[in-house]
Every structure is written in structure tokens, then in C-alpha cells.
Amino acid sequence: MAKKILFIDRDGTLIIEPSSGNIDTWDKLQFYPHVFKYLNLIATEFDYELILVSNQDGLGTHLFPYSDFQPIQDFIMKSFENEDIIFDASYIDGSLKEEKSPNRKPRIGMVKQYMNNPDYDLDKSFVIGDRITDVQFAKNLGCKGIWIHNRSGLGLKELTDTEEVLRETSLALEVKPLPGVIQWQEIYEFLKQKNS
Ligand SMILES: [Mg+2]
């Protein structure tokens, strides 16, 4: 049977995104509330491949060298692994927005191998991310987006569709940070419905 995938963003989704800049020092690392509990349930109860897809602006330049990024990235992945949350693959694009790299989300250069591939069922797959560009990425991939809508107006310049079009065509679930709402719990419950 063709495999379903959850393409999961990192900053703002698995971990809190700082108000500016990259996560290049340990004091900027904070996991997203309740992500371990509910991603563990998602990973163990349902049959998705988990694939990390992240833009890391300027990674590999002197402003954001791998030596600042990789130890923190490895720690994040190991922390998830310790909770039985195993990512099948990770794709990190280090370009800057103005380079218009084909690998930078919402473009799909890094994940083309999953498209038009009989091993994968993108129709039943989702992108989970905190930016409207993650929903655009879902549309470009041919799946639907789960939007952890925690910050507004980000990435709008990188869209090829308007937010309205994306909401109509490619948004499966929008979870806002309302009082009393555990966003990762909402995502878990949505996926549970899809898998029942
Ligand atoms: Mg993000």
C-alpha cells in the first residue's frame, strides 16, 4: 500500500521560532508546547512517514555556520527519537529568500522524489507548518496543509497563490493559538478522525 507522509516544518512548529534570526545558540531552543506527547501519539498510532522539511536562511554562511546549527539540530532529532518519534528523512534548505532556490519552501525541489511516485499517497498526506507558505508548499506538492497559525503575515511574498485561494484549495486544518487550545492536540485529533 502506498505510504502516507507528514511533511513537518521545524521552526515555529516543532520548536518555538525566535522573534528574529536563526536558532544558532542553545538559549534560543525551546520545544513547541505538548509536541512530544501528541507527536508520539501520531507516530505510534497512525501510519505516516515523518519527514522534516525546513528552510534555514543562510545556513552555511559565516553568519550561520553549520557548527552553530548542527549540534542543536542533532539534539532536537535525538530528543524526538527518545520519545519514539522517528523522522524518516530531513531536508534542510540553507538558501536566502532572494536567491529563489528551487529547494526553498514553498518550492518543492527537495521533495520531488515523493511526487508522482506510486510508493506514496500524497492525496492522504499533509504538510504541518506555521506559515502560509507551508500551505502553499502543500499545494505545490499535491497534498493539504495543517496550519499552526501562530504568527500572521509571514512569508506572504513567497506565495504564488493568495492566502484566500490557499484556504479554499489546500488548507485541511487551521489551528490558532487560542486560550485553552493545545495546538498539537488539535492536530492529533484531526488526524485521528482521518484515520478512523
Ligand atoms: Mg516554520
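In the predicted model, helix H5, comprising residues 183–194, lies across strands S4, S5 and S6. The helix runs at about 150° to S6.

The three strands crossed by H5 belong to an open sheet of 6 strands, arranged in the order S3-S2-S1-S4-S5-S6. The pairing within this sheet is parallel. Its edges are occupied by strand S3 (89–93) and strand S6 (171–175). Each of these has a single partner strand, so one side of each is left without a neighbour in the sheet. On average, and with direction ignored, neighbouring strands of the sheet are turned by 15° against each other.

Within the sheet, strand S4 (residues 126–129) pairs with strand S5 (residues 144–148) in the parallel sense, over 4 bridges. In this pairing, valine 127 stands opposite glycine 145 of S5.

Strand S5 also contains isoleucine 148. This residue counts as buried because 24 C-beta neighbours lie inside 10 Å, the criterion for burial being 20 or more. Leaving aside neighbours within four places in sequence, isoleucine 148 is in contact with Thr13, Ile128, Gly129, Asp130, Val175 and Gln183. Among these contacts, Ile128 and Gly129 fall within the residue range of S4, Val175 within that of S6, and Gln183 within that of H5. A further relationship links isoleucine 148 to glutamate 174: the two residues are 26 residues apart along the chain, and their C-alpha atoms are separated by 6.2 Å. Glutamate 174 lies within the range given for strand S6.

How values were computed
Residues are numbered from 1 along each chain as its sequence is written. This is a predicted model: local features need pLDDT of at least 70, side-chain atom pairs count only at pLDDT 80 or more; totals for chains, interfaces and linings use all residues. Two strands pair if DSSP finds at least two bridges between them. Helices (H or I, at least four residues) and strands (E, at least two) are DSSP runs, numbered from the N terminus. Axes are lines fitted to C-alpha atoms, for helices over the stretch in contact, and angles run from 0 to 180 degrees between N-to-C directions. Two residues are in contact if their C-beta atoms, placed from the backbone, lie within 7 Å. A residue is buried if 20 or more other C-beta atoms lie within 10 Å of its own, exposed if 12 or fewer, and partly exposed in between; C-beta atoms are placed from the backbone.
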